[in-house]
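Hi,

Here is the model we talked about, with the sequence alongside. My notes on what turned up are underneath, so open it in your viewer and read along.

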Amino acid sequence: MHIIDCKTAYDGHYKLSQLRVQDGEKVLKRERFEPGTAVAALVRHTGSGQYILARQYRVGAEKELVELAAGMVDEGEEPATAIRRELQEELGYDVDQLEQIARIFPSPGNSAEIITVFYAEVSRQTGPGGGLASENERIEAVEFSAGELFTTEFEDAKTIIAVQWARLRK
């Protein structure tokens, strides 16, 4: 299989493309959601030992979720730079140590999204966090002990991956 044609069907907050895919003798019509490249991080405060996640309303889930702090990578920006910016905006922390956990396709059957998931250690809060008012973000930092983190049932895939990674390292 390979893509033989790609046209933009919608270009708003996100993009949707219409594809023609060659599969042997057949040409299939498909749509692909193209939200861009994202980053996320499991954040641990080295002083308190607490893990810091973000609670916010998510339109896809139609409810508030507790998940990793995350955001989009700007054009020309490296994922490590993007996650440092996002952690400052969303949680108010500067990053001391950063380690990549995984680079994932959360739903490769219909989405071109790529998320780079990190583990970040922080020790000092230098900003208010909460997200950017200009992006209508209302993010609340939520702290978990390791025991709480490892026994909470999360619904967000990137968060589940990062928590499992942390459990394996424990």
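Strand 5 and strand 10 (residues 140–144) run antiparallel and are joined by five bridges. If you want a spot to look at, A54 has A141 in strand 10 as its bridge partner. Do keep in mind as you click around that this is a predicted model.

Strand 5 (residues 51–58) also pairs with strand 4 (residues 37–45), again in the antiparallel sense, over two bridges. Here R44 stands opposite Y51 in strand 5. The hairpin of strand 4 and strand 5 has five residues between the strands, and G49 takes a positive phi near 80° there.

Then there is strand 6 (residues 63–67), which pairs with strand 5 in the antiparallel sense over five bridges. Q56 has L65 in strand 6 as its bridge partner. In this hairpin there are four residues between the strands, and the positive phi, near 60°, belongs to E62.

Now to the other sheet I looked at. Three strands make up an open sheet in the order 1-2-3, with antiparallel pairing. Which strands stand at its edges? They are strand 1 and strand 3 (26–34); each has a single partner strand, so one side of each is left without a neighbour in the sheet. On average, neighbouring strands of this sheet are turned by 20° against each other, direction ignored. Strand 2 (residues 15–23) pairs with strand 3 over nine bridges in the antiparallel sense, and K15 stands opposite E34 in strand 3.

While you are in that region, have a look at the surface. Y10, Y14, L16 and F33 make a nonpolar surface patch of about 370 Å². Y10 lies in strand 1 (residues 2–11). Is Y10 buried or exposed? Its relative accessibility is 52%, and the cut-off for exposed is over 50%, so Y10 counts as exposed.

Next, the aromatics. The structure holds four aromatic pairs, and I'll take you through some of them. The rings of Y119 and W165 have centres 5.3 Å apart and planes at 45°, so this pair is tilted. This pair links distant parts of the chain: Y119 is in strand 9 (residues 114–125) and W165 in helix 3 (residues 157–169), 46 residues apart. Y119 and W165 are both buried.

F144 and F154 form an edge-to-face pair, 5.8 Å centre to centre with 65° between the planes. F144 sits in strand 10, while F154 is in the loop between helix 2 (146–151) and helix 3, 10 residues apart. Both F144 and F154 are buried.

Last, the charges. A search of the whole structure finds 14 salt bridges. One to pull up is E67 with K158, whose closest N and O atoms are 2.8 Å apart. What does this pair tie together? E67 lies in strand 6 and K158 in helix 3, so the salt bridge ties together parts that are 91 residues apart in sequence. E67 is buried, with a relative accessible area of 2%, and K158 counts as buried at 10% relative accessibility.

R85 is worth a click too. The side chains of R85 and E86 meet in a salt bridge at 2.8 Å, N to O. R85 also forms a salt bridge with E89, and there the closest N and O atoms are 3.7 Å apart. R85 and E89 both lie in helix 1 (residues 79–91), four residues apart, which is about one turn of the helix. At 16% relative accessibility, E89 counts as buried. Which residues do the shared salt bridges join here? D74, E77, R85, E86 and E89 all belong to one network, joined by salt bridges that share partners. As for the burial of the other two, R85 counts as partly exposed at 22% relative accessibility, whereas E86 is buried, with a relative accessible area of 4%.

Cheers

Terms used: Residues are numbered from 1 along each chain as its sequence is written. This is a predicted model: local features need pLDDT of at least 70, side-chain atom pairs count only at pLDDT 80 or more; totals for chains, interfaces and linings use all residues. Side-chain values use heavy atoms; hydrogens and water are left out. Patches are made of residues with over 30% relative accessible area and no salt bridge: like charges are joined within 9 Å, nonpolar side chains (Val, Leu, Ile, Met, Phe, Trp, Tyr) within 5 Å. Accessible areas come from the Shrake-Rupley method with a 1.4 Å probe; for residues, only the protein chains shown count as cover. A salt bridge is a side-chain nitrogen of Lys or Arg within 4 Å of a carboxyl oxygen of Asp or Glu. Buried means under 20% relative accessible area, exposed over 50%, partly exposed in between (1.4 Å probe, protein chains only). Two strands pair if DSSP finds at least two bridges between them. Axes are lines fitted to C-alpha atoms, for helices over the stretch in contact, and angles run from 0 to 180 degrees between N-to-C directions. Rings of Phe, Tyr and Trp (its six-membered ring) pair if their centres lie within 6.5 Å; planes under 30 degrees apart count as stacked, over 60 as edge-to-face and the rest as tilted.
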